[in-house]
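Reader: Got a minute to go over some helix packing with me? Pull the model up and let's start.

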Amino acid sequence: MEQFEKIRRSLEPELKSMNAIMVDTLRTGNEMMNSIVTTYLEKKGKQIRPILVILSAKMFGEVNEDVLHAGAALEMLHNASLIHDDVVDETEVRRGEPTINRQWGNHVAVLVGDFFVSNALAAGIETGHISIISALSALGKELSLGEIDQITNAREHHFDEASYFMMIRKKTASLFMHCVKMGGEAVNATSEEIGPMVTYAELLGLCFQIKDDIFDYYDNPQIGKPTGNDLREGKVTLPLLYALNNGDQEEAEVMRELIKRGDLNTEEIARLIDFAKIEGGIDYAYDTMRKMQQEANTIIDRYPDSPSKQAFKDLFEFIISRDR
């Protein structure tokens with residue numbers, strides 16, 4: 001966590017300005033909306049996405065108002081997806097606080113999420129870069145399709161890694177990729193300059209989701225969701241996928257039938273988690289992330305040394321080693 005806090009501190013002025021843009025953009029004449037939005041924004045997450053925007057801009061130029069508006073747009077779009085996800089997943093707590101749907105109901109939560117989406121586009125327009133506005137549109141499509149892919153994988157019981165990686169690329173990595181792309185475009189970097197770093201961001205985003213999925217196999221109150229929550233929803237992630245395809249096949253077949261039957265009880269979820277651990281699924285997931293990190297290092301090492309370059313590398317290490 002120390003690595004990440006150091007990066008955040010170095011970007012404090014830019015993040016403060018970006019958050020002010022978000023507050024200003026989301027302000028409205030409706031007291032109810034203002035109250036909900038203000039309460040929601042008080043409990044900020046790590047803000048990794050706008051940090052990526054700012055680091056990318058610093059790597060290729062100087063942070064300007066377009067960079068800050070791009071970061072605000074992406075953060076609002078990301079938060080919109082979280083608000084909508086909470087409705088879909090019936091989540092009651094996020095970042096230690098009751099979710100909007102828990103406090104105000106699904107109807108209001110969906111409308112607040114829509115409000116965030118609209119204002120994300122408004123912030124994008126402020127940059128004057130058609131490529132940034134286009135990227136926001138494309139990202140909205142990818143995030144939606146990623147969620148649909150996840151539902152499809154769960155309902156149709158796709159137990160292959162290819163389907164899993166295709167899904168998390170759309171659901172998570174696409175946002176990281178667009179952060180880096182938009183940060184570079186906001187300072188007029190060329191596609192040749194930005195391209196390799198977009199690939200770097202893809203690997204970073206994939207690792208972010210893999211690590212998030214690993215958390216589901218352990219009891220950690222800091223994360224704010226119960227162990228096995230993904231499995232309760234029929235989501236089979238990388239550790240269990242590896243065990244199903246590479247572990248003891250007689251036991252794996254029993255596990256597959258459990259998953260296909262659905263409506264798992266606590267004992268059955270514990271059995272699936274233990275199977276994934278015993279058959280090397282967690283180790284495999286960590287090995288996969290480390291290989292991606294090595295690949296990412298070969299990409300970023302082509303760029304000249306700079307504080308932003310080092311921050312990107314430190315951020316990658318943080319993503320893999322974080323405990324929440």
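Reader: Which residues in α2 meet α4?
Author: Bear in mind this is a predicted model. From α2, Glu14, Leu15 and Met18 make the contact, and on the α4 side they meet Pro50, Ile51, Ile54 and Lys58. By class, that contact divides into five nonpolar, no polar and two charged residues.

Reader: And at what angle do α2 and α4 cross?
Author: Roughly 125°, with the axes of α2 (residues 12-26) and α4 (residues 48-60) coming within 11 Å. That angle makes α2 oblique to α4.

Reader: Left-handed or right-handed, that crossing of α2 and α4?
Author: Right-handed.

Reader: OK, switching. How do α10 and α15 pack?
Author: Their axes lie 9 Å apart, at an angle of about 165°. Anything over 145 degrees counts as roughly antiparallel, so α10 is roughly antiparallel to α15. The crossing there is left-handed.

Reader: What's in the contact of α10 with α15, by class?
Author: 16 nonpolar, two polar and two charged residues. Among those in α10 are Leu203, Leu206 and Ile210, while α15 brings residues including Met289, Met292 and Ile299.

Reader: New topic: how far does α8 reach?
Author: Its 27 residues (130-156) span 38 Å from first C-alpha to last, close to the 39 Å expected. Just after α8, His157 takes a positive phi of about 55°.

Reader: What do the buried residues of α8 pack against?
Author: They pack against α5, α7 and α9. The buried set includes Leu136, Leu139 and Leu143, and also Asp149, Gln150 and Asn153.

Technical notes:
Residues are numbered from 1 along each chain as its sequence is written. This is a predicted model: local features need pLDDT of at least 70, side-chain atom pairs count only at pLDDT 80 or more; totals for chains, interfaces and linings use all residues. Side-chain values use heavy atoms; hydrogens and water are left out. Axes are lines fitted to C-alpha atoms, for helices over the stretch in contact, and angles run from 0 to 180 degrees between N-to-C directions. Helices (H or I, at least four residues) and strands (E, at least two) are DSSP runs, numbered from the N terminus. Angles under 35 degrees count as roughly parallel, over 145 as roughly antiparallel, 65 to 115 as roughly perpendicular and the rest as oblique. A crossing is left-handed if the near helix is turned anticlockwise from the far one by less than a right angle, and right-handed if clockwise. Contact means heavy atoms within 4.5 Å. Ala, Val, Leu, Ile, Met, Phe, Trp, Tyr, Cys and Pro count as nonpolar, Asp, Glu, Lys and Arg as charged, and the others, Gly among them, as polar. The expected span of a helix is 1.5 Å times one less than its number of residues. Buried means under 20% relative accessible area, exposed over 50%, partly exposed in between (1.4 Å probe, protein chains only).
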